[in-house]
Amino acid sequence: MEPIRISSPADVISYMGHSLGYWPKESLVCVALDGKTLGPTLRVNLPGTEDVGESYAERVAHAVGIDHDATAVLVALFTHKPWNKGNSKPFASIVQGLKSRLSAAGLLVHDVWIVGPESFAQYDGANPTTYGKGTPLSALESSTVNAELVYQGSLIEQNDTPAIPELFAAVDHGSVESALRDIATNPDQNLHAAYRLWTDLIDHEAEPSHDQLVEVLAALQYVGFRDQILAYIPGINEPMATTLFGTTEEAPQWDRIDNSEKLLRKLLTIAAPTHAAPPLTLLGHICWWKGRGTAAANYMHVALTFDPDYHLARLLDQMLGAGIVSGWAQHKNTAYRNNH
């Protein structure tokens, strides 16, 4: 993929949405710059109160500074708080603190924007106490970056909550239980056959039949098979631990990960609650690899609702609670949108 370059504020705001894959709400979003080339995107929740002290800005500045190639930063506040004329500037102390800490780290803050439900503007206009001229959000649709990314197949969802409307739409509990009994008659042979089926479906982007979905879903109930699939999905020959945490220097094969995500979502169309935790957990792990922490946490919540003792979901939930970010999502050479 050619490096994405910007020529207008609308390009930056559009890129933020495409990079995340959804339209952020009540969020602080930072995009690292290497010269004029857009780099990794960081999104964090805006605090519920303005009085957060210095720790918030310090944590954000530290996360942005992980990209050692970055020379500058673009910042946007996505908020429904009123920020038009006559209202005090929201999060002013946070913006000032972040500017100071990024500057101390040698990173120039090129611009800060504020994005509301209907328009966006430069946070500081000609006068620091005022905003720049507002621009309707509809202008984003005609931006160069938006047009390029839409052409490449990128979409911006309205939020990052995983859409699971198909969950339990056509539950096939009996068939999956029957497949589990079949696997148990000769686990090694039958799980190996299920693995070959998975790789064939992913590598050839084949449309799975109902019986094939049943076979894969049943096999995923086996922890060893699930871990084998998790190691296979990124398409790189690295130890399990490094792929699990996304810490390889080599970028994963994001197209293969996308294909796996599509197949896992199809498994949900037949999954009963007793069989849903494995595909939900893998979908959450993929979201985490991509840097979509909130979506990953939502998947973990649903998985643990169905199986509170599902160990991998609990592990990932703890990682997300600790604010751990996938290694791939932290570097421009391995991040999802920059390699897709």
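A cavity, in what follows, is a set of grid points where a 1.4 Å probe fits but cannot get out. Keep that in mind. One more thing before we look: this is a predicted model.

So, the cavity. Searching the whole structure at 30 Å³ or more turns up 1 cavity. The largest cavity holds about 40 Å³ of space. What lines it? Seven names to look for on screen. They are Val75, Val95, Leu98, Lys99, Leu102, Val109 and Val112. Two elements give two or more residues to that lining: helix 3, residues 92-104, and strand 4, residues 108-115. Which of them gives the most? Helix 3, with 4 residues. By class, the lining of this cavity has 6 nonpolar residues, no polar ones and 1 charged.

Stay by helix 3 for a moment. Look at Phe91, in the loop between strand 3, residues 72-78, and helix 3. Phe91 is not a glycine, yet its phi is positive, about 60°. Is Phe91 buried or exposed? Its relative accessibility is 1%, and the cut-off for buried is under 20%. Therefore Phe91 counts as buried.

There is a second residue of this kind. Glu205 has a positive phi too, near 50°, and is a residue other than glycine. Find Glu205 in the loop between helix 6 and helix 7. Its relative accessible area is 58%, so Glu205 is exposed.

Next, the largest pocket. How much space lies in it? About 1,100 Å³. The lining counts 40 residues, and Leu42, Arg43, Val44, Gly323 and Val325 are the closest to the centre of the pocket. Several elements supply at least two lining residues each. Those are helix 1 (9-20), strand 1 (27-34), strand 2 (37-45), helix 2 (55-64) and helix 12. Sorted by class, the pocket lining comes to 23 nonpolar, 11 polar and 6 charged residues.

Now the packing. The largest nonpolar core has 56 residues. Which members touch the most others? Trp198, Leu220, Phe225, Ile229, Leu264 and Trp289. Two or more residues each come from helix 5 (173-185), helix 6, helix 7, helix 8, helix 10, helix 11, helix 12 (293-306) and helix 13. Helix 11 gives the most to this core, 9 residues.

Take Leu264 as one example. Leaving aside residues up to four places away in sequence, Leu264 touches Trp198, Leu220, Pro279, Leu282, Leu283 and Ile286. Another core lies apart from this one, with 27 residues. Ala61, Trp83, Ile94 and Leu98 are among them. You have met Leu98 already, in the cavity lining.

Last stop, helix 8, residues 223-232. Its buried residues are Phe225, Arg226, Ile229, Leu230 and Tyr232. Where do they sit around the axis? They cover an arc of only 165°, which means they are on the same side of helix 8. And what do they pack against? Helix 6 (187-203), helix 7 (210-220), helix 9 (240-244), helix 10 (254-267), helix 11 (273-289) and helix 13 (311-321). Phe225 and Ile229 also appeared a minute ago, among the core residues that touch the most other members.

To recap the volumes: about 40 Å³ in the largest cavity, and about 1,100 Å³ in the largest pocket. Back to the screen for discussion.

Notes:
Residues numbered from 1 in each chain as written. Predicted model: local features only at pLDDT ≥ 70, side-chain atom pairs only at ≥ 80, totals over all residues. Heavy atoms only, no water. Buried < 20%, exposed > 50% of the residue type's maximum accessible area, 1.4 Å probe, protein only. Arc of directions from axis to C-beta. Contact = heavy atoms within 4.5 Å. Core = buried A, V, L, I, M, F, W, Y, C linked by side-chain atoms within 4.5 Å. 1 Å grid on protein atoms, 1.4 Å probe; cavity = no way out; pocket = protein on both sides within 12 Å on 5 of 7 lines; lining within 4 Å. Points joined across faces, edges and corners; volume = space filled by probe spheres on them. Nonpolar A, V, L, I, M, F, W, Y, C, P; charged D, E, K, R; others polar.
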